[in-house]
Amino acid sequence: MSASSVTDAGTRVLTGVPVVPGVAYAPVIRPGLKPEIDLGAAALGDEERPAEAARFTAAAAAVAGRLRERAGRATGAAAEVLATTAGLAQDRAWLSAAEKRIAEGTPAVRAVAAAVDQFVAMFTQIGGMMAERVTDLRDIGDRVIAELVGLPEPGVPQPEVPSILCAEDLAPADTAGLDPALVVALATTLGGPTSHTAIIARQLGIPCVVAIAGLDDIPAGTMVLVDGTRGTVTVAPEESAAQDEVASARRAAAAAAGWAGPGATSDGHAVAVLANVQDGAAARAARQTPAEGVGLFRTELCFLNTDTEPTVDQQAAIYAEVLEAFAGRKVVVRTLDAGSDKPLKFAGHPDEANPALGVRGIRIATGNPALLDHQLAAIAAAAQRTGNPPWVMAPMIATADEAKDFADKARSHGLTPGVMIEVPAAALLADRILEHVDFLSIGTNDLAQYTMAADRMSADLAALTDPWQPAVLSLVAMTAKAGAAVGKPVGVCGEAAADPLLACVLTGFGVTSLSAAAAAVQGVGAKLAQVTLAQCRAAADAVLGTASATQARTAARAVLG
Ligand code: PEP
Ligand code: MG
């Protein structure tokens with residue numbers, strides 16, 4: 001997968017997995033280091049303790065204030081993550097534990113470290129959802145200690161000039177609220193094409209490359225050129241050549257910016273170009289692009305921090321926001337894809353050794369049918385309220401029987417049912433599944449994971465989870481063909497649809513809609529408008545004859561330019 005090479009000019013080029021197209025040239029910044037704790041500090045005298053307690057209170061308040069401020073500037077899921085972390089920074093339980101130690105004579109830095117350790121041990125012992133707060137609590141502790149010792153706050157620094165953020169990996173609190181005018185590209189050592197880093201970069205519309213071996217050796221301040229289309233990071237390139245590359249990528253982006261939809265090839269074959277969203281805010285942002293509708297509303301992302309099942313009314317209000325944002329347009333709502341990397345506190349997940357192969361997606365409904373029923377009722381209520389009836393689809397369908405059960409339930413709520421094709425078994429039996437549902441939507445992220453038997457979160461396996469893998473493309477082609485045979489729509493809503501070249505190949509397979517992050521919509525639409533359906537079909541035939549992802553890309557480029 002990742003590699004490093006040296007150009008004729010002696011410049012080092014690191015290679016990773018390209019996830020968001022675009023080119024940026026800027027100095028490297030890195031997340032701040034965690035502060036070192038001086039455990040040797042002496043105990044405080046009685047008279048020093050009140051001042052030390054006040055210093056601690058001020059430091060915790062400053063950290064919480066900064067996080068709240070960032071939450072105020074962010075939107076959607078980012079604002080929620082930051083607000084939750086700010087709340088934890090002011091949580092009475094751990095603040096009291098630190099204050100108690102200071103009152104007993106422990107210096108504030110050590111008191112913070114010990115209080116954090118105490119709660120980390122407690123959360124870890126409770127396990128489950130509490131254990132997930134451990135990272136947040138440690139992060140808060142590091143920030144408060146940095147404040148106490150006068151070091152820059154750990155996490156992503158606010159750069160003074162446009163910079164490229166390089167890191168081993170990025171946590172949600174690191175990336176939430178980044179300013180795309182100042183952080184102009186992301187590059188990480190870990191992460192795959194569907195990792196958190198990739199999703200945030202797409203939302204921000206900045207180039208991103210992940211799974212780059214050797215990235216950790218590049219010191220902060222080094223000028224680098226990140227090419228999110230090729231998947232390269234060039235270390236200290238010749239300046240004028242780097243500026244030329246940025247300028248030419250900008251020209252391509254400007255051409256894409258001129259594209260206003262609707263999606264079609266240059267000879268008029270219509271393919272709907274849609275957006276993937278996770279809440280009302282994202283839907284309203286997507287509405288500002290030429291996206292013709294929503295091809296995937298990931299409802300589970302609305303409830304990642306919700307402890308108990310939201311009521312039908314609460315759910316309906318959230319879904320209605322998305323339906324309203326795209327009033328009169330197509331919206332495809334996916335029922336809760338809880339489990340694996342997206343556990344929900346109220347879904348009652350069993351303890352599993354292998355959650356990606358466990359009770360996730362539609363499988364949750366077997367043990368907890370009420371959850372699905374309530375959600376379908378809420379979607380139907382939102383449809384009624386907004387006058388915009390959405391399509392609904394179930395995630396992780398593996399059999400025709402599962403598809404039939406879901407379709408019956410959805411129809412009983414007056415909804416138009418479809419299913420996601422993410423499991424190879426479902427792609428192979430797409431014709432039989434189509435006997436029960438009105439449409440299919442191919443989730444190439446999971447389809448690649450399950451076809452290639454490779455964890456989609458693994459950086460080491462990123463070359464295997466590449467959607468250009470011919471085995472994955474064969475299953476997509478087979479599914480599209482099954483849809484065409486009975487005249488039912490087959491869309492793609494995985495990250496594959498965000499790659500303009502691959503979008504043309506998918507069109508050649510007969511896919512009827514492409515749904516991607518809002519930031520990818522124009523690039524996909526503009527590319528599609530430059531090629532004919534015959535070219536798309538020729539590229540589709542060519543990739544099916546290849547034996548590797550690299551060969552498939554090369555074959556498609558030869559036809560599509
Ligand atoms: C997919 O698997 O391709 C998909 C769209 O679903 P998610 O990424 O939410 O698992
Ligand atoms: Mg999926």
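**Close-up 1. Helix α22, end to end, in the predicted model.** Helix α22 covers residues 549-560. With 12 residues at 1.5 Å a residue, α22 should span 16 Å, and its end C-alpha atoms do sit 16 Å apart, so expectation and model agree. The expected figure counts one less than the number of residues, because that is how the span of a helix is worked out here. Just after α22 comes G561, with a positive phi near 80 degrees.

**Close-up 2. The two sides of α22.** Which residues of α22 are buried? They are A549, A552, A555, A556 and L560. Look down the axis of α22 and these buried residues fall within an arc of 125 degrees, so they line one face of the helix. Over on the other side, T550 and A558 are exposed.

**Close-up 3. What α22 packs against.** The buried residues of α22 pack against four helices: α18 (470-486), α19 (500-509), α20 (518-528) and α21 (533-544).

**Close-up 4. The magnesium ion, ligand 2.** Two side chains from the protein act as donors here: E422 through OE and D446 through OD. They lie 2.0 to 2.1 Å from the ion. In the chain, E422 and D446 are 24 residues apart, so to speak from distant parts of it. E422 belongs to the loop between β14 (416-421) and α15 (424-428), while D446 is in helix α17 (residues 444-451). Are these donors buried or exposed? E422 is buried, with a relative accessible area of 2%, and D446 is buried with 2% as well.

**Close-up 5. C166 and C208, a pair of cysteines without a bond.** How many disulfides does the model have? The count is zero. Take C166: the nearest cysteine sulfur belongs to C208 and is 10 Å away. Seen from C208, the closest cysteine sulfur is in C166, and at 10 Å that is too far for a bond, because a disulfide needs the two sulfur atoms within 2.5 Å. C166 counts as buried at 0% relative accessibility, and C208 is buried too, with a relative accessible area of 0%.

**Close-up 6. The domains.** Zooming back out, the protein is divided into domain 1 (12-32 + 155-249), domain 2 (48-149) and domain 3 (271-560). Domain 1 is listed as two stretches of chain. Taken over C-alpha atoms, the centres of domain 2 and domain 3 are 39 Å apart.

Technical notes:
Residues are numbered from 1 along each chain as its sequence is written. Chains are lettered from A and ligands numbered from 1 in the order in which they are written. This is a predicted model: local features need pLDDT of at least 70, side-chain atom pairs count only at pLDDT 80 or more; totals for chains, interfaces and linings use all residues. Side-chain values use heavy atoms; hydrogens and water are left out. Donors are N, O and S atoms within 2.8 Å of the metal (3.2 Å for Na, K and Ca); water is not among the atoms, so sites may look incomplete. Buried means under 20% relative accessible area, exposed over 50%, partly exposed in between (1.4 Å probe, protein chains only). The arc is that of the directions from the helix axis to the C-beta atoms. Contact means heavy atoms within 4.5 Å. Domain bounds come from an automatic or database domain assignment.
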